[in-house]
Each structure stands twice: as structure tokens, then as C-alpha cells.
Amino acid sequence: MKLSSPLLLLFTAALTPAAEPAKKDDACCQPLLAAAPFTKNSLYQLDAEFTDDSGQAFTLGTLRGRPVVLAMFFSTCGYACPLLVGDMKRIRASLPPPVRERAAFVLVSFDSARDTPAALAQFRAERSLDAQWTLLHASADSVRELAALLGVKYKQEADGAFSHSNLITILNPAGEIAHQRTGLKDGLAEAAAALAKTAQQ
Ligand SMILES: [Cu+2]
């Protein structure tokens, strides 16, 4: 269609008079930025629902804007998970105070059946995990989705326990994977450095 384009432009401009002023003042656009879509590689695109240990619904996008240390675990694990939580505590202790205050420490359980919010609350109390820690229950589907995004492998054994990867993931404030520590005990300085670096973004 070959309409006179200057006329068309004039017509379009007349139809959208309010679009321009909104861009001029940065302050006015802050709420819009906060509601901007998550980036392509953001874990926060996952719209799975979790429940925290106080029984409140929780979506991972709530963590946006903070550097995050995240691990999947189960509360009755007799060996690796207590070490993982200990490693996360050591990462926290080694952070510069301004970063430490902003960081979020998140544990998501594999054990949908037994790690109810109440069981997670008990784990929080036993391990002296303060308000900077978020403990999450998820449905089996949500556990599977999150594990796939993180590259965490897990399998429930006949006795109900889980064999699983030992992985601590650092997320940047946009929810993208900035660093992963595999194994136990080692690599804490690198994880803390990655967290401190990503906190500056
Ligand atoms: Cu474990």
C-alpha cells in the first residue's frame, strides 16, 4: 500500500501523543524498569511456585536485584547436604559486609513429600539459619524444572533418600547463573569472589 508517508507519520503521531513525555524523565520510569521482563537466561523466568518454610507462596523472581547463593538439598540428608549448608555459611562469612547484607541464601528441597514447610522450619531452627536464608518446598514438577535449569542431577533411592549432585550456584541480580561450585569443601573463595563481583552489577 503506497500512501503518502509524511501524512501517515503525521497521523500516527497524532494518535500517540502520550508516548513521548514518558521517556523524558528517568524518575518516572523506575517502576517500569522494575517490571521489565526477565532476561533470556534468567532463572526467574521459571514460573514454578514454591512455598517457603512459613507456608507462604514464593516465586524465584522475588529475589531479583540481590546476589543469590542457591543450592538444592533435602533436610534428612546425612552427609552431603549438611556440608553444603556449611559451605554456604562459609561463603557468607567471607563476603565483604556490604555484599553480605544484600545477598540471599536459598535452599530448595528435592524431597517434595517429606520436606513440608514445617519440616523446613525445623531444619532452619536446627541449623540456626537467619532471615537471610530462604528455605523452599516445591512440587516434584517444580523440583525437576529447577534442577534441569541448574544442571543438578538427583535420584530418589529405595530408602527415600536422594543421591544428588553437590552444586552451589551463584546468581547475579538478574537471576542469571554467574558461577557454580561443584563438589564439597573446595572452591569457596572462588564462589565468594564471583558473588562479590556480581553484586556490583
Ligand atoms: Cu544431600
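Ala174 counts as partly exposed because its C-beta atom has 17 C-beta neighbours inside 10 Å, short of the 20 or more that a buried residue requires. The model in which this residue is described is a predicted one. Ala174 lies in the loop between E8 and strand E9 (177-182), and, when neighbours within four places in sequence are left aside, Ala174 is in contact with Thr39 and Ser42. The C-alpha atom of Ala174 is also separated by 9.0 Å from that of Gln201, a residue 27 positions away along the chain.

**The chain and its sheet**

The protein chain has 201 residues, of which 29% are buried, and its secondary structure comprises 8 helices and 9 strands. Among the contacts with a separation of 6 or more, 66% join residues that are 24 or more positions apart. An open sheet of mixed pairing is formed by 7 strands, in the order E2-E1-E5-E4-E3-E8-E9. Its edge strands are strand E2 (57-58) and E9, each of which pairs on one side only.

Three of the strand pairs in the sheet are set out here, each with one pair of facing residues.

| Strands | Sense | Bridges | Facing residues |
|---|---|---|---|
| E1 and E5 | antiparallel | 3 bridges | Phe50 and Ala138 |
| E4 and E5 | parallel | 4 bridges | Leu107 and Leu135 |
| E3 and E8 | antiparallel | 4 bridges | Val68 and Leu171 |

**Strand E5**

Strand E5 is mostly covered, with 6 of its 6 residues buried. In a regular strand the side chains alternate between the two faces of the sheet. In E5 both faces are covered, since Trp133, Leu135 and His137 are buried on one side, while Thr134, Leu136 and Ala138 are buried on the other. E5 also takes part, together with E4 and H6, in a right-handed β-α-β unit, and the two strands of that unit are joined to each other by 4 bridges in the parallel sense.

**The nonpolar core**

The largest nonpolar core holds 41 residues, and those that touch the most other members are Val69, Ala71, Met88, Leu107, Val108, Leu136 and Leu195. The elements giving two or more residues to this core include the strands E3 (68-73), E4 (104-109), E5 (133-138) and E8 (167-171), as well as the helices H4 (80-93), H6 (117-126), H7 (140-150) and H8 (188-199). E3 gives the most, with 6 residues. With residues up to four places away in sequence not counted, Val69 touches Met88, Ile91, Ala103, Phe105, Ile168, Ile170 and Leu195.

**Helix H8**

Which residues of H8 are buried? They are Ala191, Ala192, Ala194, Leu195, Thr198 and Ala199. Seen down the axis of H8, these buried residues fall within an arc of 160°, so they line one face of the helix. An α-helix has 3.6 residues a turn, so residues three or four places apart point the same way. The buried residues of H8 pack against E3, H4, helix H5 (97-102), E8 and E9. The length of H8 can also be checked: at 1.5 Å a residue its 12 residues should span 16 Å, and its end C-alpha atoms are 16 Å apart, which agrees.

Key
Residues numbered from 1 in each chain as written. Predicted model: local features only at pLDDT ≥ 70, side-chain atom pairs only at ≥ 80, totals over all residues. Core = buried A, V, L, I, M, F, W, Y, C linked by C-beta atoms within 7 Å. Buried ≥ 20, exposed ≤ 12 C-beta atoms within 10 Å, placed from the backbone. Contact = placed C-beta atoms within 7 Å. Pairing = 2+ DSSP bridges. Right-handed = clockwise from strand over helix to strand, strands pointing away. Expected span 1.5 Å × (residues − 1). Arc of directions from axis to C-beta.
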